[in-house]
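Here's a quick tour of one protein chain, written for someone fairly new to reading structures. Keep the 3D view open and click along as you go.

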Amino acid sequence: MNENNRERPWYRQAAEVIPRHAYLKFVGTTTFISVFFVAYFYLLKDPAYPVTVMPRIWLDHLIGFQPLSLPFYLSLWFYVSLPPALLATRRELVDYAMSMAGTCLVGLIIFYFWPTAVPVAHIDWALYPDVDFLKNMDASGNACPSLHVATAVFSGIWLHYLLRRFGAPLWIVLCNWIWCAGIVYSALALRQHVALDVLAGLVLGGLAAYLSLRKSQSRDVFY
């Protein structure tokens, strides 16, 4: 990053980057999410092999059901749109999209060859209509690894990198990780996933982000 960028406030740098390739960012993100959902729900409704029910471990018993975490869970779809919005060049956008697509593809391939589901939670969902709606839309399949967690962690690591590149203050960086942690927590608190699903998602998302950032930094792409 050059000295002129260092002298400008981080939020001005971010504001200048967001409109760059705006059409590509909007269309690309929308298309990617749409294609992902088609593949995801296809595998969810029509698994090719017998479904394995994931076991609960001690961590699952420590985290109670918390319907108030639903906004965190749903916020993922806005959260994952932030890193591409803050990318400056077309090459960065393409590389990022390919890395995110690869992350999701790994998860979908696992779902195809090893379909999994979370165990039944003995909760009267009628008492929680908002969560019940989520359960009806996103059934208990495609559990491990949690792509909800994997994409949140992938996005969180990239946001950390981009915020540091802009020179954002520590409290903004911490807000990013609190948001990311809230999404991860919500996957357990809403009984959408068990701890093993989440741990697998953490590994998948973290490894994919590390490899993609390593590739990006090796090219020395700055704006």
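Before we get to the record, one definition: UniProt positions are given here in the numbering used for this chain, feature names are shortened, and annotations may be inferred rather than shown by experiment. With that in mind, an unreviewed UniProt entry lists residues 93-213 as "domain: Phosphatidic acid phosphatase type 2/haloperoxidase". Also remember that you're looking at a predicted model.

**What the record marks out**

- Over residues 93-213, the listed domain, the chain is 74% helix and 2% strand. The C-alpha atoms at the two ends of that stretch are 12 Å apart.
- The unreviewed UniProt entry also lists "transmembrane region" for residues 21-43, 63-82, 94-114, 145-163, 170-188 and 194-213.
- Take residues 94-114: the span is 95% helix and 0% strand, with its end C-alpha atoms 30 Å apart.
- Residues 145-163 come out at 89% helix and 0% strand, and here the end C-alpha atoms are 27 Å apart.

**Helix H8, end to end**

- Helix H8 covers residues 90-113, which makes 24 residues.
- From first C-alpha to last, H8 reaches 34 Å, close to the 34 Å expected at 1.5 Å a residue.
- Which residues of H8 are buried? They are Glu 92, Leu 93, Asp 95, Tyr 96, Met 100, Thr 103, Cys 104, Gly 107, Leu 108 and Phe 111.

**The nonpolar cores**

- The largest nonpolar core has 49 residues, and Leu 147, Phe 154 and Trp 158 touch the most other members.
- Helix H10 (residues 147-166) gives the most to this core, putting in 11 residues.
- Apart from that core lies another one of 5 residues, including Met 54, Val 118, Ala 143 and Val 194.
- Let's zoom in on Phe 154. Skipping residues up to four places away in sequence, Phe 154 touches Tyr 96, Ser 99, Met 100, Thr 103, Gly 205, Ala 208, Ala 209 and Ser 212.
- Now look from the other side: Ser 212 sits in helix H12 (residues 195-218). Leaving aside neighbours within four places in sequence, Ser 212 is in contact with Ser 99, Phe 154 and Trp 158.
- Is Ser 212 buried or exposed? Ser 212 counts as buried, because its relative accessible area is 7% and the cut-off for buried is under 20%.

**Aromatic rings**

- The chain has 17 aromatic pairs.
- One of them is Tyr 40 with Phe 41, an edge-to-face pair at 5.4 Å centre to centre, with 85 degrees between the planes.
- The two partners differ in how covered they are: Tyr 40 is buried at 8% relative accessible area, while Phe 41 is partly exposed at 24%.
- Both belong to one aromatic cluster made up of Phe 36, Phe 37, Tyr 40, Phe 41, Trp 77 and Phe 111.

**Cysteines that stay unpaired**

- A disulfide is a covalent bond between the sulfur atoms of two cysteines.
- How many disulfides does the structure hold? The count is 0.
- Why does Cys 144 not bond to another cysteine? The closest cysteine sulfur, in Cys 104, is 15 Å away, so it is too far for a bond. Cys 144 is also buried, at 8% relative accessible area.
- The story for Cys 180 is told by distance too: the closest cysteine sulfur belongs to Cys 175 and is 13 Å away, too far for a bond. Cys 180 counts as buried, with 4% relative accessibility.

**Loops and backbone oddities**

- Cys 144 turns up again here, joined to Pro 145 by a cis peptide bond with omega about 0 degrees. Pro 145 is in the loop between helix H9 (129-137) and H10.
- His 21 isn't a glycine, yet its phi is positive, at about 55 degrees. You'll find His 21 in the loop between helix H2 (10-17) and helix H3 (22-45), and it is partly exposed at 29% relative accessibility.
- Arg 191 also has a positive phi, about 60 degrees, without being a glycine. Its place is in the loop between H11 and H12.
- Gln 192 lies in the loop between helix H11 (170-189) and H12, and it is buried at 5% relative accessibility.
- Gln 192 and Ser 140 are 52 residues apart along the chain, but their C-alpha atoms are separated by 6.5 Å.
- Not counting residues up to four places away in sequence, Gln 192 touches Tyr 73, Val 118, Leu 134, Lys 135, Asp 138 and Ala 187.

Definitions and conventions. Residues are numbered from 1 along each chain as its sequence is written. This is a predicted model: local features need pLDDT of at least 70, side-chain atom pairs count only at pLDDT 80 or more; totals for chains, interfaces and linings use all residues. Side-chain values use heavy atoms; hydrogens and water are left out. Rings of Phe, Tyr and Trp (its six-membered ring) pair if their centres lie within 6.5 Å; planes under 30 degrees apart count as stacked, over 60 as edge-to-face and the rest as tilted. Buried means under 20% relative accessible area, exposed over 50%, partly exposed in between (1.4 Å probe, protein chains only). Helices (H or I, at least four residues) and strands (E, at least two) are DSSP runs, numbered from the N terminus. A disulfide is a pair of cysteine sulfur atoms within 2.5 Å. A nonpolar core is a set of buried Ala, Val, Leu, Ile, Met, Phe, Trp, Tyr and Cys residues joined through side-chain atoms within 4.5 Å. Contact means heavy atoms within 4.5 Å. The expected span of a helix is 1.5 Å times one less than its number of residues.
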